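Please consider the following model with attention to its cysteines, its ligand surroundings and its surface. The account proceeds through these topics in turn.

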Amino acid sequence: MDKIPVAQITESAEQAVSYVPPEDKFYVRLIEGRFQNLRRMISWPLLILFFALAWIQVDGQPWLFFSFAERKIFLFGWIVSWHDLPIMAGLMIAGACLLFFMAVAWGRVWCGFACPQSIWTWMFIRIEQWAEGKANVRAKNDKLPLTGKRLARRILKHVLWLGAALFTTITFTGYFVPVRELIGDLVTLESSVMTLGWLISMTSLTYLNAGLVREKICLHACPYSRFQGVMFDTHTRTVSYDLNRGEPRRLNRKAAQQTGVQYAEVSSANSSAGSVNSTASSCSSTKQGDCVDCNICVQVCPVGIDIRDGLQAACIDCGACIDACDEVMAKIGKPMGLIRFASEAELAGSSEAKSGLASLLRPKLAGYASVVACSIVAVLFGFMNTLDLLVEVRRDRLQLYTKVDSGTVCNNYYLKVEAFDNGINQVQVSVEGLDNLQLHGQPEINIHTDNAAWRTYRVCTNQAQQPRSEIQFVLSTPDAEVRKKTTFLTSSI
Ligand code: SF4
Ligand code: SF4
């Protein structure tokens, strides 16, 4: 590629930079590159899954649905009862440890590439660019009166944002309330006040989060950004600026020459990045860094920071500044990677710096990987042993027993059967534990009509020798049998 003179890059960058707004508001410049492509490859499938799964039904059953009314979770063909929720806890533990693993290995890549907050923010930024133009145009227009075309474009942007937020809310709600009924009720104006309230609140929050508040949520509300700092170590490969290579910046050098200040080679690569400028301007040397101070890495940053100031809590490791800087390096004929995923040890030139697979062979990572593996095994075991039939038996507490004749005693029970397997249609009820037991009540429970309904049973025998005996209700289907113990009383003891 033909080299482009640095002055040309910096001039064009300065034109954009001149539109960089006051500190409280910044305009994100969209960029193309390998990390943007990677984000698309991750975020598009996730978005499609999110918007599609709420609609997919197989054999009349939703594919992913959390039913509060039925106390069931429909999970890709499985039905998980509320009583199997520890499986979900296992999934959450596996997910959390996977996040910790990623944080220690590669920093906040989850935030930059897969977190819904980031995905929606990028979506809203793209809508904004489509409606109101590129970052420098938006910045320039903000200084002009909001009239005519500019006003129309602004209104269009907010309408599109609200539409995207409403669509997101309806889809999300569709995982808890049947989505077709939800939309049907909205169209026929039959939605309850509660549903409408929920939809309005969620839509407003999504609109505010992705459209207006954006990075402030990551910085001030997300706990992950707070504790990631303590998880990083010197081998964590996170988005970093190569201070040794980049400093002193070329434009600074020019400015320095004009003002008579001499520049210096930055002595220590892992010196506090925040002190770059002061370090650079206090020493003297003829070294010229690769950074041309074009500021494009700042303009593309969705959280509005300068990665050259060092690792910052706000950085979500999205890689946008890497793509931007690589493009600049390619244009001036310098090697890519002035900003790259690199560890502190690597940047410091430490002999302990690890790369490739070796960087993953660390005790801390092995610990997280083991917890993830154990949790996944536990979750799989849980799925293989989910509850198909939930049975509850309660004694009648008002009347402990009834003497029918001189030798026969009866006890009353309430029985509830709940099925969590679509293949179960009927459940046979019997009772065991004492000789000559007789069961009075419905011997077969029809799951389609009586699922989770309380039914009354009367158990009698003339063979009970003890004041208190143990009996069992036996609930059977062609594939399963559940036994539930209870007591049979012949006196008040
Ligand atoms: S780090 Fe790269 S993108 Fe950022 S100002 Fe320097 S040359 Fe430009
Ligand atoms: S500094 Fe900004 S652009 Fe670079 S990775 Fe961090 S959040 Fe992304």
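**Cysteines, a ligand shell and a surface patch**

Both C410 and C460 are buried. In this predicted model, the two residues are joined by a disulfide, with an S to S distance of 1.9 Å. The link between C410 and C460 is right-handed, with 110° about the S-S bond. Since C410 belongs to strand β10 (residues 409-419) and C460 to strand β14 (residues 454-461), the pair ties together parts that are 50 residues apart in sequence. The count of disulfides comes to one, under the criterion that the cysteine sulfur atoms lie within 2.5 Å.

Further cysteines appear in the surroundings of ligand 2. This ligand is surrounded by 13 residues, of which the closest are C301, C315, I316, C318 and C321. By class, the shell around ligand 2 consists of eleven nonpolar residues, one polar residue and one charged residue.

Two other cysteines may be considered for their accessibility. C297 has a relative accessible area of 11% and is therefore buried, because the buried class covers values under 20%. C325 likewise counts as buried, because its relative accessibility is 9%.

The surface offers another view of the model. I56, V58, W63 and F76 make a nonpolar patch of about 330 Å². Of these residues, W63 is located in the loop between β2 (61-62) and β3 (64-67). Its relative accessibility is 33%, so W63 counts as partly exposed; this class lies between the buried limit of 20% and the exposed limit of 50%.

Definitions and conventions. Residues are numbered from 1 along each chain as its sequence is written. Chains are lettered from A and ligands numbered from 1 in the order in which they are written. This is a predicted model: local features need pLDDT of at least 70, side-chain atom pairs count only at pLDDT 80 or more; totals for chains, interfaces and linings use all residues. Side-chain values use heavy atoms; hydrogens and water are left out. Patches are made of residues with over 30% relative accessible area and no salt bridge: like charges are joined within 9 Å, nonpolar side chains (Val, Leu, Ile, Met, Phe, Trp, Tyr) within 5 Å. Accessible areas come from the Shrake-Rupley method with a 1.4 Å probe; for residues, only the protein chains shown count as cover. A salt bridge is a side-chain nitrogen of Lys or Arg within 4 Å of a carboxyl oxygen of Asp or Glu. Helices (H or I, at least four residues) and strands (E, at least two) are DSSP runs, numbered from the N terminus. Buried means under 20% relative accessible area, exposed over 50%, partly exposed in between (1.4 Å probe, protein chains only). A residue is near a molecule or strand if one of its heavy atoms lies within 4 Å of it. Ala, Val, Leu, Ile, Met, Phe, Trp, Tyr, Cys and Pro count as nonpolar, Asp, Glu, Lys and Arg as charged, and the others, Gly among them, as polar.
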